[in-house]
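Student: I would be grateful for a close look at one helix of this protein and at the way it is packed. Please then place that helix in the setting of the whole chain.

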Amino acid sequence: MQTHHEQWSTTNLDKPSYYNNRELSWLDFNSRVLEEAVDDQNALLERYKFLSIFSSNLDEFFMVRVAGLIDQVKAGFNKPENKAGLTPKEQLCAISQKAHLLVKKQDEVYRDLSRILDNEQVSIITIDHAAPQELDILEDFFDEQVYPVLTPMAIDAYRPFPMLLNKSLNLAVIIEEKSLEKRKEQELNGNLVIVQVPAVMDRLVEITQKGKQRKFVLLEEVISRFIYKLFTGYKVESVTSFRITRNADLTIHEDEAEDLLLEIEEELKKRKRGAAVRLEYQMSQSNQGVIDYLRKVLEIHSKDVYVVQAPLDLTFLFSFYKKVAATHEHLTARTFIPQPSVDLEGEGDMFEKIADHDVLLHHPYESFEPVVEFMSQAADDKNVLAIKQTLYRVSGDSPIIDSLKRAAENGKQVTVLVELKARFDEENNVQWAKELEQAGCHVIYGMTHLKTHSKITLVIRREKGKIQRYVHLGTGNYNDATARIYTDMGLLTSNDKIGIDAINFFNYLSGYMEKPSYHHLSVSPYGIRDTFIELIDREIAYHNEYQNGRIIAKMNSLTDKIIIKKLYEASIAGVKIDLIIRGVCCLRPGIEGVSENIKVRSIVGEFLEHTRIFYFHQNGNEKVYLSSADWMTRNMENRVEILFPILENHLKERIHECLLLMLQDNCKAREQDRNGKYKYVPRTNGERHINSQRIFCEEAIQYRTKIKTANLETMKNRTKFSSLTDSYFFRLKEIVPLLKR
């Protein structure tokens, strides 16, 4: 009988059939987003929101991933990718096939939701269904507010095809002379004019109704109906609405850039006019001659042309949700208010509490406010000497930025690493960098060719003549807006060794020094992968001796082949592995002799699952880590990331119980089979419905209610406080076993 080592060493773990292609796996994830628009467990307007998210996701996928593959084909690059073994051309063909099916499904979902919404006295109508008096109102609206904004762009020998902006909505209008004699003089069957639908105007035009009835028509339909007013002396033959998606990936030449800020500002201007990678048009009233012309002038392949029956660009459904929710609140999900932090209960300021014990924050179930307050107190505290922080994505009106600026104005030494290369946040981050510099902060931009994706804050405070370091580490961004809809975890600690690690980390980024040795942190590039390989190897060794190997890992994506092969090795050894991966997963579970001990599930629900949690049993000496990094090659090699341990046992147990609850989810969880296909976790008749996100919400509220009625004096006693949080937090110790019954 082969030992696991003999079996592993003789198994070819490079077989393409053992892996999912990254791009196709991402489309599978977006398919799961679309499933949420179908799921009638979700409130009706929430289903519209998921439809909008699906559309927005697909835009970004084409702008970055598909655009990159097209560039490879144009450059003659034909090397297969290193997992599923598909060439760029093969990937583009497979993507097109799958994406067209998804767009067709999107049309069906939009149609079905519209029928349901009609029963609620809310509708988005086509202008052909407007009553005569409603048409009069729309015509007045067009004349007074829309007509002055429109600019028809004729295309002829003297006026070439215009540079249309990325993701802009346009109308291609064919007109011809009304005069028969002039029409005979035309060389072509009509003249082509492009009219851009103004992005500065609301896409939804509401037709006022009586009572709670709401009726909307889309702006492009209003323009199409009355567009003849732009062309006196001409007859409008056809109006075709279309949309272009362009390559929006930035090419940053860091080596040649004297000022990275200026380099990125220049690249942002180019993004709007990158090469076209997708053409979408609406089926109704489209002119095939126009589509053929657009394909030719934009140099778009036929497989990258998408015809839709629903309106183009369903991202407008975000604003539709907000408009309708105001009068039809019963069509929205119950609003959850993030609860105050469990670990920050009791008297004393924040610094006193963090000095007393590590604080674990679980967003959005617990509020992000403690992080905002931590920064605000640090900015105003006369004993704080310095603040250092990394910023990747922040909100538009960020209280974190305000605190950093105020701290600098108060004379503290403030160092901020702003990641200018955070995709699609480059423009915001350039602006924040300028504002922070003007306020007196020392702004740095990280390391050449690496994105700084770490989430860390260091506060240096003088206490009783000594220096005390306070650190916040997180799995998510310093963004108070997304913290209400993304699931993330953060740690506030005054641990001496983590504090020293934080100082070394910032000094390494801001100055010239060799890569430091860390006490507790692991840092990419490469350091985090090395740590994980070591942990998995150790789990294999423990399992060989004690037969109790167990790994649970939760992340957004898994693409790194080195880690995947190491997980396959652990599975062959018999280690039980559960992976909770929201998005891309290139690993295939359940393959006999390779990954039969691995299960992969994806949870797509009301909140965006964003936590990165890693649990290793280690023969009872459990190791629990949180990180800013996914198990992706880019996170392991091309980004500055941090992996940090949870050191206090009661916090380890709390996180472990959270993972166990997610593994019991049978409402929003899908499992991947050995062929890479995802299906909802099966639920038997009468089995309790377990929606992990809703249970976390309910338990946060219940715990808060109990705390309010408790005698807060007990919070002064750390032993009692620890006992209370350990035994009661979310009641997960009680809940998880019950769910298994």
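Tutor: Let us begin with a term that the description requires: two helices count as roughly perpendicular when the angle between their axes is 65 to 115 degrees. The model considered here is predicted, and the helix chosen for the close look is H7, which spans residues 219–226.

Helix H7 has five residues to consider first, namely Leu 219, Glu 220, Val 222, Ile 223 and Phe 226, which are its buried residues. Around the helix axis they cover an arc of only 160°, which means that they lie on the same side of H7. A general property of helices is relevant here: an α-helix has 3.6 residues a turn, so residues three or four places apart point the same way.

What do the buried residues of H7 pack against? Their partners are helix H5 (132–146) and three strands, S3 (169–177), S5 (204–207) and S6 (214–218).

The partner H5 deserves particular attention. Two packed helices are described by the angle between their axes and the distance between the axes. For H5 and H7, the angle is about 90° and the axes are 10 Å apart. The two helices are therefore roughly perpendicular to each other. On the H5 side, the contact is made by Leu 135, Leu 138, Glu 139, Phe 141, Phe 142 and Val 146. On the H7 side, Leu 219, Val 222, Ile 223, Arg 225 and Phe 226 take part. Sorted by class, the residues of this contact comprise 9 nonpolar and 2 charged ones, with no polar residue.

Another pair of helices offers a useful contrast in geometry. The axes of H12 (residues 369–380) and H13 (residues 399–409) come within 8 Å and cross at roughly 10°. H12 and H13 are therefore roughly parallel to each other. H12 contributes Val 371, Val 372, Met 375, Ser 376, Ala 379 and Asp 380 to the meeting of the two helices, while H13 contributes Pro 399, Ile 400, Ser 403, Leu 404, Arg 406 and Ala 407. By class, this contact has 8 nonpolar, 2 polar and 2 charged residues.

We may now return to strand S3, one of the partners of H7, and consider the loop that precedes it. Lys 167 lies in the loop between strand S2 (152–155) and S3. Its phi is near 65°, a positive value in a residue other than glycine. Most residues other than glycine have a negative phi, and most peptide bonds are trans. With 37% relative accessibility, Lys 167 counts as partly exposed. Lys 464 also has a positive phi, of about 55°, although it is not a glycine. Lys 464 is placed in the loop between strands S15 (456–463) and S16 (466–474), and at 87% relative accessibility it counts as exposed.

There are also cis peptide bonds to note. One joins His 363 and Pro 364, with omega about 0°. Pro 364 belongs to the loop between strand S10 (359–363) and H12, the helix that was compared above. A further cis bond runs from Ser 524 to Pro 525, with omega near 10°; Pro 525 lies in the loop between strand S18 (522–523) and helix H16 (527–546).

Two buried residues show how distant parts of the chain come together. Thr 240 lies in strand S7 (residues 234–246) and, at 0% relative accessibility, counts as buried. The C-alpha atoms of Thr 240 and Ala 172 are 5.0 Å apart, although 68 residues separate them along the chain. Beyond its neighbours within four places in sequence, Thr 240 has contacts that include Asn 170, Leu 171, Gln 285 and Ile 291.

Glu 36, in helix H2 (residues 22–38), is likewise buried, at 0% relative accessibility. Glu 36 and Lys 668 are 632 residues apart in sequence, yet their C-alpha atoms are 8.7 Å apart in space. Among the contacts of Glu 36, neighbours within four places in sequence aside, are Arg 47, Val 604, Lys 668 and Tyr 680.

Finally, the whole chain has 22 helices and 28 strands. Of its 741 residues, 58% count as buried. Among contacts between residues at least 6 apart in sequence, 75% join residues at least 24 apart. The chain exposes about 32700 Å², of which carbon and sulfur atoms supply 47%.

Methods. Residues numbered from 1 in each chain as written. Predicted model: local features only at pLDDT ≥ 70, side-chain atom pairs only at ≥ 80, totals over all residues. Heavy atoms only, no water. Buried < 20%, exposed > 50% of the residue type's maximum accessible area, 1.4 Å probe, protein only. Helix = DSSP H or I, 4+ residues; strand = E, 2+ residues; numbered from the N terminus. Arc of directions from axis to C-beta. Contact = heavy atoms within 4.5 Å. Areas by Shrake-Rupley, 256 points an atom, 1.4 Å probe, with all protein chains shown as cover. Axes fitted to C-alpha atoms, helices over the stretch in contact; angles between N-to-C directions. Parallel < 35°, antiparallel > 145°, perpendicular 65-115°, else oblique. Nonpolar A, V, L, I, M, F, W, Y, C, P; charged D, E, K, R; others polar.
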